[in-house]
Amino acid sequence: TGRAVDTEVLVVGSGPAGAAAALSLSTLGVDNIVVTKYRWTANTPRAHITNQRTMEIFRDLGIEDQVLAEATPHHQMGDTVFCTSIAGDEIGRIRTWGTHPARHGDYELASPSLNCDIPQTHLEPILVANATARGTHTRFSTEYLSHTQDAEGVTARVRDRLTGHEHDIRARYLIGADGARSKVAADIGLPHEGRMDVAGSMNITFNADISDLVAHRPSVLYWVIQPGSNIGGIGTGLVRMVRPWDEWLIVWGYDIDGEPPDLDDAAAEQIVRNLLGVPDLEVEITGYSLWGNNEQWATHLQSGRVFCAGDAVHKHPPSNGLGSNTSVQDSYNLAWKLAAVLRGWAGPDLLETYSAERAPVAEQVVRRANRSAREFGQFFDALGIAPDDTEQQMRDEIAERGAATPEGAKKREALRHAMELKNYEFNAHGVEMGQFYTSTAIASDGSPRPVDDRDPELYYAPSTAPGARLPHVWVGDSARRLSTHDLARADRFTLFTGISGQAWADAVGEVGERLGVPIGAVVIGPGRAVTDLYFDWARAREVEEDGAVLVRPDKHVAWRADRLATDPVATLTDVLTGILSRK
Ligand code: FDA
């Protein structure tokens, strides 16, 4: 008989959600085990676009450089093409992921980290390796079967898939990061809204060097409008770069209400040749699979000591590239709270704020991604393509956009509008950076969610309103330049103030010690920890110089004060005991 296995947190799944949870927990010194069903990490590229908020998390976890080393960089991501095939007619381009010169500044200003493109096959090993190196026990080929929970913890039954041997793992908490068909979410009966399988898609991965067709218009996405591309799928046909410019993934739709297509090598090759528009292309097919587009989210993410994260609680098409990003962000929200409760500096009710904060995000990303997929309909409308058009009719309609006729002019104008709408999929900076939390772990001052008055989805509005992400600005001294995010460490609360607010900083030491809460202070000003190099902090902080901005370990603002309080120790004590559920 084996020994009982005991840990603080058991994580089920080693995808972006599970691996990020393990890495965060190990970084915070929390004992954890990951069990994951397969022999290794993701075996197909799947998610790839890694947005700035996620890159900030990777920066915080000390793996940003490793991710960048394996990623296609920001400047090669953005010349997104719409065409009749890769070698065929180009319908138009849109600069994406903040690469338009008029948008690039917004992205540069918002974060110390730019976005990049790293396929899931490359990202997961980085997350898992670092988690394991920092303490995670990673058990591959190990399947979660069931669990029970009691007042002190969770007992999970797992099976070693090599030997068939079953055993129990005892943990204080369980994180179900087991993907869209989550067994953990089903076992705790999480409530869901929306539905699964709203459209059919197939993925085809292949190798073919097509540098001569794409390298001059570098992008991670090439969208193809041709016969068949208005059926199912994620809007239209997609040729997606996996590695520039010889490794690719095609997403092509099928009618989910009909018979699933019979895919074999020959059929896959034909689809590749059609979308590339190169009839005699040398192509090596490396895989194919069918999958359903989902539009479903959980309205509550936890039950007792069990939490779900990632696709287990938000299922949606890849549009906007939010899948893996949101999964990492879920785990980052949860990990510090588990650490705080396990180490005794927060009350257990802090854990309830995970659902309060992340369930609205789950709904938002599912709605946004599905809307983006549907908005491709504008292209078919602009071109005058009806669902039952024949191939020839479709080709004629597409060709008409070049006609010197009123109809041609109308199509050109309509196409311009359809293209404009795709900013909501490809330049949705407000969606990516503007997550805002309302919960008992945020001491609101009544300020509403900050939104940019140009367009809240396209533009991110930095703010120190409690619940918002800490604004990034560069600060430092004659020797160093640091982001405000670099100064707000992952393992503690951080209070930012100015020289006239020194009394806040003095109070931090006393309150932290008395409450046993890890908290540090950063005084920004000449001769202090850092100086406001560009005077950007003064513009960003939205409080007076003697005010305070208190930031949580996950870089969201917990509380702020406009001016110095008469009794900073009492004020801070009150705030911290409130947001940490210790009252
Ligand atoms: P994920 O599904 O990645 O991981 C689940 C983990 O749980 C796996 O490690 C699995 O082994 C494990 N597991 C499951 N059941 C278990 C059990 N009973 N016991 C133990 N372990 C178990 N997104 C995007 O943004 N762009 C894209 O192009 C694509 N493309 C794409 C293609 C395909 C075919 C799929 C299926 C998905 C995508 N996605 C995507 C979505 C993206 O991959 C997805 O959002 C993230 O992988 C979600 O990460 P999770 O960690 O939540 O689940």
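# A walk through the sheets, the ligand shell and the domains

Start by selecting Asn207: opposite this residue, in strand 14, stands Glu247. A strand here is a DSSP run of E with at least two residues, a helix is a DSSP run of H or I with at least four residues, and both are numbered from the N terminus. What you have open is a predicted model, where local features need pLDDT of at least 70, side-chain atom pairs count only at pLDDT 80 or more, and totals for chains, interfaces and linings use all residues. Residues are numbered from 1 along each chain as its sequence is written.

**Stop 1: the eight-stranded sheet**

Now colour strand 11 and strand 14, which are antiparallel and joined by 8 bridges. Two strands count as paired if DSSP finds at least two bridges between them. Next, add strand 15: with strand 11 (residues 192-207) it pairs in the antiparallel sense over 13 bridges. Click on Phe206 and look across to strand 15, where Ile285 is opposite.

How do these strands fit into a sheet? They belong to an open sheet of 8 strands with mixed pairing, in the order 5-4-12-13-14-11-15-18. At its edges are strand 5 and strand 18 (314-315), each pairing on one side only. While you are looking at strands, remember that in a regular strand the side chains alternate between the two faces of the sheet.

Go to the strand 5 end. Strand 4 (residues 79-83) and strand 5 (residues 90-95) run antiparallel, with 5 bridges between them. A hairpin of 6 residues links strand 4 to strand 5. Pick Val81 and you'll find Arg93 opposite, in strand 5.

**Stop 2: two backbone oddities**

Select strand 13 (residues 237-243) and strand 14 (residues 247-254), an antiparallel pair with 5 bridges. Leu238 has Val251 opposite in strand 14. Then zoom in on Trp245, in the loop between strand 13 and strand 14. Is the peptide bond from Pro244 to Trp245 cis or trans? This bond is cis, with omega near -10 degrees.

Jump to Arg46, in the loop between strand 2 (32-35) and strand 3 (49-50). Arg46 isn't a glycine, yet its phi is positive, near 45 degrees. Both spots are worth a click because most residues other than glycine have a negative phi, and most peptide bonds are trans.

**Stop 3: around the ligand**

Which residues come nearest to the ligand? Select Gly13, Gly15, Gly179, Gly310 and Gly323, which come nearest of the 32 residues around the ligand. Being near means that the C-beta atom, placed from the backbone, lies within 6 Å. Helix 1 (16-27), strand 8 (142-149), strand 15 (284-298) and helix 9 (323-342) are the elements that give two or more residues to this shell.

Try colouring the shell by class: you get 11 nonpolar, 15 polar and 6 charged residues. Ala, Val, Leu, Ile, Met, Phe, Trp, Tyr, Cys and Pro count as nonpolar, Asp, Glu, Lys and Arg as charged, and the others, Gly among them, as polar.

**Stop 4: the four-stranded sheet**

Move along to an open, mixed sheet of 4 strands, ordered 22-21-23-24. Strand 22 (519-524) and strand 24 (557-561) are the edge strands, each pairing on one side only. Strand 21 (residues 493-498) and strand 22 run parallel, joined by 6 bridges. Select Thr497 and its bridge partner in strand 22, Val523.

Add helix 17 (residues 502-515), which lies across strand 21, strand 22 and strand 23 (548-551).

**Stop 5: zooming out**

Finally, colour by domain, with bounds that come from an automatic or database domain assignment. Domain 1 is 5-72 + 117-190 + 296-349, domain 2 is 376-421 and domain 3 is 439-579. How many Å separate the centres of domain 2 and domain 3? Taken over C-alpha atoms, the separation is 51 Å.

Key. Contact = placed C-beta atoms within 7 Å. Axes fitted to C-alpha atoms, helices over the stretch in contact; angles between N-to-C directions.
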